[in-house]
Amino acid sequence: MTVIENALEHVESHLHPEPSYELEAHPVPNGLEEIWRFTPLKRLRGLLDGEASDATLTWEQELPEAATLTTLSADDARDLAVNAPFDRLAALAAAQAPSAVVLDVPANAELDEPVRLTLSGDSLEHPVWGHVVVRVGANARAKIVVEHTGSAVYDAFVPVVVGDGAHLDLVTINDWEDDAVHAAQYNLRVGRDATVRFFEISLGGDLVRTTANVDYAGPGGSAELYGVYFADAGQHIEHRQFVDHTAPRTSSNVLYKGALQGQDAHTVWIGNVLIRKVAEGIETFEQNDNLVLTDGAKADSVPNLEIETGEIAGAGHASTTGRFDDNHLFYLQSRGIEEGEARRLVVHGFFNDIIRRIGVPELQERLVTAIEDELAEADFSAIHGRPEPGTPAGSIGAAGGSDA
Amino acid sequence: MSKLEIKNLHVSVNTEDGEKEILRGVDLTVNSGEVHAIMGPNGSGKSTLAYSIAGHPKYTVTDGEVLLDGENILELSVDERARAGLFLAMQYPVEVPGVSVANFLRTAKTAIDGEAPKLRTWVKDVNAALERVTLDPSFAQRSVNEGFSGGEKKRHEIAQLELLNPKFAVLDETDSGLDIDALRVVSEGVNRYTEQRDRGVLLITHYTRILQYIKPDFVHVFVAGRLAESGGRELADQLEAQGYDKYVKAAAV
Ligand SMILES: Nc1ncnc2c1ncn2[C@@H]1O[C@H](COP(=O)(O)OP(=O)(O)O)[C@@H](O)[C@H]1O
Ligand SMILES: [Mg+2]
């Protein structure tokens, strides 16, 4: 174990269990535990049973020169300088995956093209256990885009080690078919003065539950976590983060934005931040915004800040959940823009704040289109308090009407 | 030649204590080529009149009609009214995060004209319209009204007025909160618009100051949800000297 971990005090908290590769350290949940209470365990399609399976996803990759894809024994993967699994699903993935796939970007490499991995499934019959390691050497610069498509019951443990001074953009896209189940845990360790930008875009799947755990190998590291999600009827999309400020003068910025539409669309955002005693001079902000487009959808949003030192540069959080702002729509419509188009613009604007930061124009365009497609399926007549299209706006809620 | 007629307009809003009537029978006709100033104290219902004409969902029309060339626009949605030729410069323009001014203006222009503007001239037109109201062209890349100062928001409204060039414009306290330079810039924009001769303006204001720059053909005193008196420019001079007291007292009786 690294020195920094030995130096850290133990912080008892129900928000973030002790990491361990041992399955026994993570009892089978009953659904009431703090870290499980939002997840519909029955819809995990038996993942928690831990059935042995050698089913795999189909991998397609585009690797710029310098980047390599190899395998590592499960034992060697455990020795990586990164946190062990924080929950049973992640521990199962690490235990059941036959070996770990390792994506390496060597020290000082500067990739001029993104690494692209597309992982697709075509069956729900057996679980797929994934153990995927991302290693970015000191002072390297890399952009990695991982897309998940098709149908699968996929549980992945993904350690991400970012060397000192390195710069990593890791973009994960969950664009599954409607029946997929996807659990993932990304454990990121940010090197001294390194910068990590982690994006997750969740559009498809019946149940998606991801956890991003961040800690720092030394001072000066920066982590930005961004999420975009769009849940339709019946979908459960859950994004959890735990940023553990384990070193001084580190920074974290968390921004997740989601839209929900349709009966029983359910999204969960849990943003945990721990500022340890050693973490003097750190800065953190976390924010989650939800746009509830129709009745029957539910967004849970829970920020948690635990502060063990007063010597910090700044810490804050914000969470908003609301419907379309009538004033936004009114302003756009008052310039002649039709209601549907006005909604499209507002949603586009809502997500654009994050999407534009990805820095891969082709991908950004595809995501904008994907979100517009989701939106096109919206049935706005289900919105409480909104008129049917074509109702004269001047008589909304009118007792008499305008011709009286 | 167009005509905007407001007939016996009654409007209420929902409040915690139930429906509250704000407009209590407004009658007013604006012909194209005319500038009508509507002057009234705070809370008299001026913005309610403006919003009701534009169709804001918060306001309920309980009686009366608003005709644009004979068609009752109260039966139209907000966007249909705009496409019919109405424009509202808002007292408090709305911030729309993430939607760029450029995208917003192009979408609006396309909607109003029924076809996309010519790409080659459009960017030039937008830049020129922004520059005329002394907004830097870089504003086109910013989110609509987000982080704009009060004066920048008002100037942005006038840039839209010139680009969309509606038949009738309702300007709700566009002069409020402007310093003298911005007031001049905004007034010049309105005057360029009216100099076309076939456009009508409903200039809502609390102060007579803007009337040094924009010369109304008619002045109306608006108190307690209806017009208390109508006249020519001399009425504005009288209001400047005597204020609204006389009308407010009369309305309270
Ligand atoms: N949503 C509302 N709820 C309660 N009162 C309102 C609401 N909107 C407007 N009013 C009241 O209606 C009156 C007229 O408001 P407004 O039209 O904004 O006046 P003006 O623009 O002339 O200052 C005021 O007394 C205001 O408080
Ligand atoms: Mg007002």
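Here is a short set of questions and replies about a predicted model with chains A and B.

Residues are numbered from 1 along each chain as its sequence is written, while chains are lettered from A and ligands numbered from 1 in the order in which they are written. Because the model is predicted, local features need pLDDT of at least 70 and side-chain atom pairs count only at pLDDT 80 or more, while totals for chains, interfaces and linings use all residues; side-chain values use heavy atoms, with hydrogens and water left out.

Me: In what order do the 4 strands of the open sheet in chain B stand?
Reply: Let's start with the terms: strands are DSSP runs of E with at least two residues, helices are runs of H or I with at least four residues, and both are numbered from the N terminus. Two strands pair if DSSP finds at least two bridges between them. Here the pairing is antiparallel, and strand 2 and strand 5 (71-72) stand at the edges with a single partner strand each, so one side of each has no neighbour in the sheet. The order is 2-1-4-5.

Me: How many bridges join strand 1 of chain B to strand 2 of chain B?
Reply: A hairpin connects these two strands through 2 residues. Two of the partnerships are B:Ile6 with B:Leu28 and B:His10 with B:Arg24. Strand 1 (residues 3-15) and strand 2 (residues 18-31) run antiparallel, and the number of bridges is 11.

Me: Which residue of strand 4 of chain B stands opposite B:Val11?
Reply: Strand 1 of chain B also pairs with strand 4 (residues 59-68), in the antiparallel sense and over 8 bridges. Opposite B:Val11, in strand 4, stands B:Val61.

Me: Which residue of strand 9 of chain B stands opposite B:Ala89?
Reply: Strand 6 of chain B pairs with strand 9 (residues 168-172) in the parallel sense, over 4 bridges. In strand 6, B:Leu86 and B:Leu88 point one way while B:Phe87 and B:Ala89 point the other way, and all are buried. In a regular strand, side chains alternate between the two faces of the sheet. The residue opposite B:Ala89 is B:Leu171.

Me: Is helix 1 of chain B largely enclosed or open, and how many of its residues are buried?
Reply: Buried means under 20% relative accessible area, exposed means over 50%, and partly exposed lies in between (1.4 Å probe, protein chains only). Among the buried residues of helix 1 are B:Leu49, B:Tyr51 and B:Ile53. The helix is largely enclosed by the rest of the structure, because the buried residues number 9 of the 9.

Me: Which residues of the protein are donors to the magnesium ion (ligand 2)?
Reply: Donors are N, O and S atoms within 2.8 Å of the metal (3.2 Å for Na, K and Ca), and sites may look incomplete since water is not among the atoms. The two donor atoms, OG and OE1, lie 2.1 to 2.2 Å from the ion. One donor residue is in helix 1 (residues 46-54) and the other in the loop between strand 6 (86-89) and strand 7 (96-100) of chain B, 44 residues apart. They are both buried, and their names are B:Ser47 and B:Gln91.

Me: Which element of chain B gives the most to the shell around ligand 1?
Reply: 13 residues surround ligand 1, with B:Ile22, B:Gly43, B:Lys46, B:Ser47 and B:Thr48 the closest; a residue is near a molecule if one of its heavy atoms lies within 4 Å of it. Strand 1, strand 2 and helix 1 each supply at least two residues of this shell. The most, 3 residues, come from helix 1.

Me: How far is an oxygen atom of ligand 1 from a polar backbone atom of B:Gly43?
Reply: Backbone atoms of other residues also approach ligand 1: an oxygen atom of the ligand is 3.2 Å from a backbone N or O atom of B:Ser44 and 2.9 Å from a polar backbone atom of B:Lys46. For B:Gly43, the distance is 2.7 Å.

Me: What is the relative accessible area of A:Asn139?
Reply: A:Asn139 sits in the loop between strand 4 (115-136) and strand 5 (141-162) of chain A. Its phi is positive, about 60°, although it is not a glycine. Most residues other than glycine have a negative phi. A:Asn139 is partly exposed, and its relative accessible area is 43%.

Conventions: Polar contact = N/O pair within 3.5 Å; in protein donor to acceptor, adjacent residues only side chain to side chain.
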